[in-house]
Amino acid sequence: MDPFVSNYGWWLLALVLIAAEMIAPGYFLLWIGIAAGVMGLVTLLVPNLPVLAQVVLFGVFAVVACLVYWKFIRPIAEQRDDQPLLNRRGQRMVGRRVIVCEAIVNGRGKVRVGDGEWLAEGPDAPEGSEVEVVDVAGTTLRVEPRRA
């Protein structure tokens, strides 16, 4: 039997495809690599399977693996998170009322948020006044006078 079409050849192909997926991510090669791994198991269980049958079966496994990914796994992986602002701390502050800790003069100053201070932009406001965060630009909060 040709050494490539033995179960070791299929497992080697699986490793190469999965490693290629690491270099050029896109999930496509991963599923074909999984199909090659399954083919390695098949040739381990049925060692005298003809080469043509192995290649055809590999093609079927690859198509099925890719379809399973597209129909079932991809939609789950692309589901939106229930906390879209989890790692966007500034965006979570929009709508929050904060206290000016360094007067906003000529459109720039600082506000106290929790135990920290953030740069702020907005209309002039004296120290100690309450403002509302309306937007975030990088690490600068855009504020407006508190609405009633």
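Which residues are linked in a network of salt bridges? Keep that in mind while we walk through the model, which is a predicted one. The answer is Arg 108, Glu 121, Asp 135 and Arg 142, and we'll meet several of them up close on the way.

**Stop 1: the whole chain**

Start with everything shown as a cartoon. You should find four helices and five strands. Colour from the N terminus on and the elements read α-α-α-α-β-β-β-β-β. Now colour by burial: of the 148 residues, 32% count as buried. As for contacts with a separation of 6 or more, 39% of them are between residues 24 or more positions apart.

**Stop 2: helix α1**

Select residues 7-23, which make up α1. This helix has 17 residues and spans 25 Å from its first C-alpha to its last, close to the 24 Å expected at 1.5 Å a residue. Next, show the side chains of Asn 7, Trp 10, Ala 14, Leu 17 and Glu 21, and mark Gly 9 too: these are the buried residues of α1. Turn the view so that you look down the axis of α1: the buried residues fall within an arc of 160 degrees, so they line one face of the helix.

What do the buried residues of α1 pack against? Bring α2 and α3 into view, since those two helices are the answer. Then swing round to the other side of α1, where Tyr 8, Leu 12, Leu 15, Met 22 and Ile 23 are exposed.

**Stop 3: helix α3**

Move on to residues 51-77, helix α3. Where is the kink in this helix centred? Click on Trp 70: the kink is centred there, with a bend of about 40 degrees.

Stay on α3 and pick out Gln 54, Phe 58, Ala 62, Ala 65, Cys 66 and Tyr 69, which are buried. To see part of what covers them, switch on α1 (7-23) and α2 (28-45), which are among the covering elements.

**Stop 4: the hairpin of β2 and β3**

Now for the strands. Select residues 108-113 for β2 and residues 116-121 for β3. The two strands run antiparallel and are joined by six bridges. They form a hairpin with two residues between them, and Gly 114 in the turn has a positive phi of about 65 degrees.

Put the side chains of β3 on display. The covered face has Gly 116, Trp 118 and Ala 120, while the uncovered face has Glu 117, Leu 119 and Glu 121.

Zoom in on Arg 112, whose bridge partner in β3 is Glu 117. Their side chains also meet in a salt bridge, at 3.1 Å from N to O. Glu 117 is partly exposed at 44% relative accessibility, and Arg 112 is partly exposed as well, at 39%.

**Stop 5: β4 and β5**

Add residues 130-137 for β4 and residues 140-145 for β5. Do β4 and β5 run parallel or antiparallel? They are antiparallel, with six bridges joining them. This pair forms a hairpin with two residues between the strands, and Gly 138 in the turn has a positive phi of about 70 degrees. At one point along the pair, Ala 137 stands opposite Thr 140 in β5.

Now look at β3 beside β5. These two run parallel, joined by three bridges. Leu 119 stands opposite Thr 140, and Ala 120 stands opposite Leu 141.

**Stop 6: back to the network**

How many salt bridges does the structure hold? There are four. Select Glu 121 and Arg 108, which form one of them, with the closest N and O atoms 2.7 Å apart. Glu 121 lies in β3 and Arg 108 in β2, so the pair ties together parts that are 13 residues apart in sequence. Glu 121 is partly exposed, at 25% relative accessibility, and Arg 108 is partly exposed with a relative accessible area of 42%.

Keep Glu 121 selected and add Arg 142: their side chains meet in a salt bridge at 3.3 Å, N to O. Arg 142 is in β5 and Glu 121 in β3, so this pair ties together parts that are 21 residues apart in sequence. Arg 142 is partly exposed too, with a relative accessible area of 36%.

To finish, add Asp 135, and the network with Arg 108, Glu 121 and Arg 142 is on screen.

Technical notes:
Residues are numbered from 1 along each chain as its sequence is written. This is a predicted model: local features need pLDDT of at least 70, side-chain atom pairs count only at pLDDT 80 or more; totals for chains, interfaces and linings use all residues. Side-chain values use heavy atoms; hydrogens and water are left out. Two strands pair if DSSP finds at least two bridges between them. The bend at a residue is the angle between axes fitted to the seven residues ending there and the seven starting there. Buried means under 20% relative accessible area, exposed over 50%, partly exposed in between (1.4 Å probe, protein chains only). Contact means heavy atoms within 4.5 Å. The expected span of a helix is 1.5 Å times one less than its number of residues. The arc is that of the directions from the helix axis to the C-beta atoms.
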